[in-house]
Amino acid sequence: MKTSEVLQAWARILAGRAPSLSIEITKECPLRCPGCYAFDAAHLGGETELRQLSDYKGEELVGRVLALIDEEKPLHVSLVGGDPLVRYRELERLLPQIESRGIYTQVVTSAFRTIPAAWKEYHKLNVVVSIDGLQPEHDARRKPATYERILKSIEGARITIHCTITSQIAERPGYLDEFLGFWSGRPEIERVWFSMFTPQRGATDVEILNPAQRASVIADLRQLRVKYPILEMPEALIRELEAPPSSPEECIFARTTKTISADLTTPVTPCQFGGDPDCSQCGCVASMVLAAVGHHRVVGGLTAGHLFLASDRLGKAWRGARDGWFGKPAANLPPPFKILQP
Ligand code: SF4
Ligand code: SF4
């Protein structure tokens with residue numbers, strides 16, 4: 001993250017806005033991955049589940065998403081789901097509109113469907129393909145988005161690979177090396193990120209890493225980032241995996257990212273996992289990136305994290321008071337559909 005980007009983010013926080021917006025643009029997904037947090041019963045707090053929400057399609061979805069972006073004015077938008085490629089026609093409309101606003105976009109997908117090679121022309125777009133380990137384990141978990149399907153879907157595209165490390169992956173020595181060896185030679189791959197499976201508090205999923213597995217993965221990552229430059233995980237980030245934020249209140253990622261579910265109204269809290277995530281076992285790469293930024297010293301003992309967290313309290317209090325005094329600006333109203341004309 002550049003200093004100018006930190007300053008821009010700080011300005012947004014001081015204005016009571018989250019610099020990052022994550023939108024579940026659809027509740028639909030053709031996959032049924034074990035351990036998926038989006039379809040977990042706790043994701044939206046327990047009373048409603050993602051599949052029960054009413055979501056949008058077509059021009060209405062495009063208009064409402066753009067209205068949300070124009071209201072929140074983020075620096076960065078993540079389009080997630082479900083799988084956002086379920087709404088690929090709408091994405092074709094959204095991506096140029098978001099790019100023209102100077103906003104960075106991330107699309108997170110299983111690549112069950114073709115990623116258009118033309119998307120390489122967007123300078124502020126990062127397409128992230130989720131891959132759950134090597135082919136045998138991945139194919140068992142993520143049919144129909146098998147390795148064979150993904151390799152066809154990404155032909156000619158430019159993507160980031162994101163793999164969530166589970167206990168099954170962590171228990172096999174050399175697994176991550178083999179994984180990186182497979183993907184690092186491919187022209188479509190710009191970078192690789194690893195996260196570690198993050199459970200809800202008190203959960204007993206088989207994917208959860210025990211402390212020894214977690215330590216062993218962290219040691220592997222330190223070696224592999226040197227061996228494979230495509231593994232974009234700096235030492236400062238890996239260090240954060242050793243001591244994740246102690247709670248959502250201490251998590252800069254959670255405090256600076258607003259996540260909205262598929263009805264474009266329901267918030268997902270305290271972070272993208274929803275429910276009651278176990279921060280002590282967090283392995284989310286995005287959270288660790290911002291934790292590393294937060295530990296950057298600005299002056300003396302003052303860190304960027306101190307500034308972000310204090311400013312977040314101040315900014316939200318100010319925005320709350322402003323909305324109370326002057327009324328909340330019209331939210332989520334689709335703008336005139338003329339914006340959709342080519
Ligand atoms: S592709 Fe993503 S959203 Fe769909 S089931 Fe798998 S983890 Fe969940
Ligand atoms: S991203 Fe991780 S550390 Fe942050 S609130 Fe969520 S689970 Fe906790």
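**Exercise 1.** In which sense do strand 2 and strand 3 pair, and over how many bridges?

Solution. Strand 2 covers residues 76-80 and strand 3 covers residues 104-109. They pair in the parallel sense over four bridges, where pairing requires that DSSP finds at least two bridges between two strands. Helices (H or I, at least four residues) and strands (E, at least two) are DSSP runs, numbered from the N terminus. Two pairs can be located: Tyr104 of strand 3 is the bridge partner of His76, and Gln106 of strand 3 stands opposite Ser78.

This is a predicted model: local features need pLDDT of at least 70, side-chain atom pairs count only at pLDDT 80 or more, and totals for chains, interfaces and linings use all residues. Residues are numbered from 1 along each chain as its sequence is written, and chains are lettered from A and ligands numbered from 1 in the order in which they are written.

**Exercise 2.** Place strand 3 in its sheet.

Solution. Strand 3 also pairs with strand 4 (residues 125-130), in the parallel sense over five bridges. Val128 in strand 4 is the bridge partner of Val108. The open sheet has seven strands in the order 6-5-4-3-2-1-7, with parallel pairing. Strand 6 (189-196) and strand 7 (257-260) are at the edges with a single partner strand each, so one side of each has no neighbour in the sheet. From one strand to the next, the twist averages 20 degrees.

**Exercise 3.** What unit do strand 2, helix 3 and strand 3 make?

Solution. With helix 3 (residues 88-100), the two strands make a right-handed β-α-β unit; right-handed means that, with the strands pointing away from the viewer, the path from the first strand over the helix to the second runs clockwise.

**Exercise 4.** At what angle do helix 2 and helix 3 pack, and which residues make the contact?

Solution. Helix 2 (residues 58-72) packs with helix 3 at about 25 degrees, the axes being 9 Å apart. Axes are lines fitted to C-alpha atoms, for helices over the stretch in contact, and angles run from 0 to 180 degrees between N-to-C directions. The angle makes helix 2 roughly parallel to helix 3 (under 35 degrees counts as roughly parallel, over 145 as roughly antiparallel, 65 to 115 as roughly perpendicular and the rest as oblique). Among the contact residues are Leu61 and Val65 of helix 2 and Leu94 and Ile98 of helix 3; contact means C-beta atoms, placed from the backbone, within 7 Å.

Notes: Two residues are in contact if their C-beta atoms, placed from the backbone, lie within 7 Å.
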